[in-house]
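This report describes a single protein chain, moving from its core to its pocket and then to its overall make-up. The sequence and the structure are shown first.

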Amino acid sequence: MSFFKRVTLTVSSQLEQMIGEIENHDAVVEAGIRESRRLYAKAKVRHARMRQDGERLRRKLDGLRADERTWRERALRCDAKGEGEGEEKALACLSRAKRAGSQAESLAETYRRHAEVERHLGREIDGLRQRVETLEHRRALMRSREATADASARIRETDSGTLLDLNDTFERWEIRLTEAELTTDSICDNDPFEAEFAADEERASLRAELEALRRDPEEKSGGVR
């Protein structure tokens, strides 16, 4: 491979990578789905119109065939009257019957081709419908995969500490709760009623100790005598 080709391939791959990174895939897919829906709706409208046209052709064809039968029946009735005026009318009726039959044959061919086009368009519409459903299903699947991948990436970032150090957060939380608990305990300890008893008990203890000190010198002096 020549140097120029290698450079061209390298630049092309880099451009494709850049386009893939900056491309809003969801928006591109959404635009494609909207276009497919538009084509599907347009085809459905055309198909409905073709069905209406086909129905009109069928009614006209049925009318021509009915006219052919009617004129043939009239020709038979006129011919039954014998030669002369009856025969002339029979020939005229038969001529109109043949003309109606010829028109019916031509219209039948037109109706046949119209029905083929209508069936072909119906198959195309079904294909467009399946395409829209497939695109919507794939879009939903890709959105789910993207959401899962994004959540996994955020969890990994959280675990690695790049976004949030949860250990430090828990430690600060525990310190705050401990401070609050200590403050609550100190408030609960300041019971005036209990403090009054504690003060009396401490005063009594001090008096007892003082009395003991008073007796101790007396005992010592009595022993010396």
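Six residues form the largest nonpolar core of this chain: Trp71, Ala75, Cys78, Ala90, Cys93 and Ala97. The elements that contribute two or more residues to this core are helix 2 (25–79) and helix 3 (85–160). The model is a predicted one. As a general tendency, nonpolar side chains in soluble globular proteins are buried together.

Trp71 belongs to this core. Apart from its neighbours within four places in sequence, Trp71 is in contact with Cys93, Arg96 and Ala97. Of these partners, Cys93 and Ala97 are themselves members of the core.

Two residues of helix 3 merit separate attention. His114 is found in helix 3, and Arg139 lies in helix 3 as well. His114 has a relative accessible area of 14%; because the cut-off for a buried residue is under 20%, His114 counts as buried. Arg139, at 15% relative accessibility, is likewise classed as buried. The table sets out their accessibility and their contacts, leaving aside residues up to four places away in sequence.

| Residue | Relative accessible area | Contacts |
|---|---|---|
| His114 | 14% | Met50, Asp53, Gly54 and Leu57 |
| Arg139 | 15% | Asp26, Val29, Glu30, Ile33 and Arg37 |

Which residues line the largest pocket? The lining consists of Asn24, His25, Asp26, Val29, Leu135, Arg138, Arg139, Met142, Arg143 and Glu146. The space within this pocket amounts to about 280 Å³. Helix 2 and helix 3 each provide at least two of the lining residues, and helix 3 gives the most, with six residues. Sorted by class, the lining holds three nonpolar, two polar and five charged residues. Arg139 is part of this lining, as are two of its contact partners, Asp26 and Val29.

A record also bears on helix 3. The unreviewed UniProt entry annotates residues 118–145 as a "coiled-coil region". In the model, the chain over residues 118–145 is 100% helix and 0% strand, and the C-alpha atoms at the two ends of this stretch are 40 Å apart.

How many helices and strands does the chain have? The chain has five helices and zero strands, and its elements run α-α-α-α-α from the N terminus on. Of the 225 residues of the chain, 13% count as buried. Among contacts between residues at least 6 apart in sequence, 76% join residues at least 24 apart.

To summarise, helix 2 and helix 3 each give two or more residues to the largest nonpolar core and at least two residues to the lining of the largest pocket. Arg139 of helix 3 is a buried residue within that lining.

Notes. Residues numbered from 1 in each chain as written. Predicted model: local features only at pLDDT ≥ 70, side-chain atom pairs only at ≥ 80, totals over all residues. Heavy atoms only, no water. Core = buried A, V, L, I, M, F, W, Y, C linked by side-chain atoms within 4.5 Å. Buried < 20%, exposed > 50% of the residue type's maximum accessible area, 1.4 Å probe, protein only. Helix = DSSP H or I, 4+ residues; strand = E, 2+ residues; numbered from the N terminus. Contact = heavy atoms within 4.5 Å. UniProt positions renumbered as here; feature names shortened; annotations may be inferred. 1 Å grid on protein atoms, 1.4 Å probe; cavity = no way out; pocket = protein on both sides within 12 Å on 5 of 7 lines; lining within 4 Å. Points joined across faces, edges and corners; volume = space filled by probe spheres on them. Nonpolar A, V, L, I, M, F, W, Y, C, P; charged D, E, K, R; others polar.
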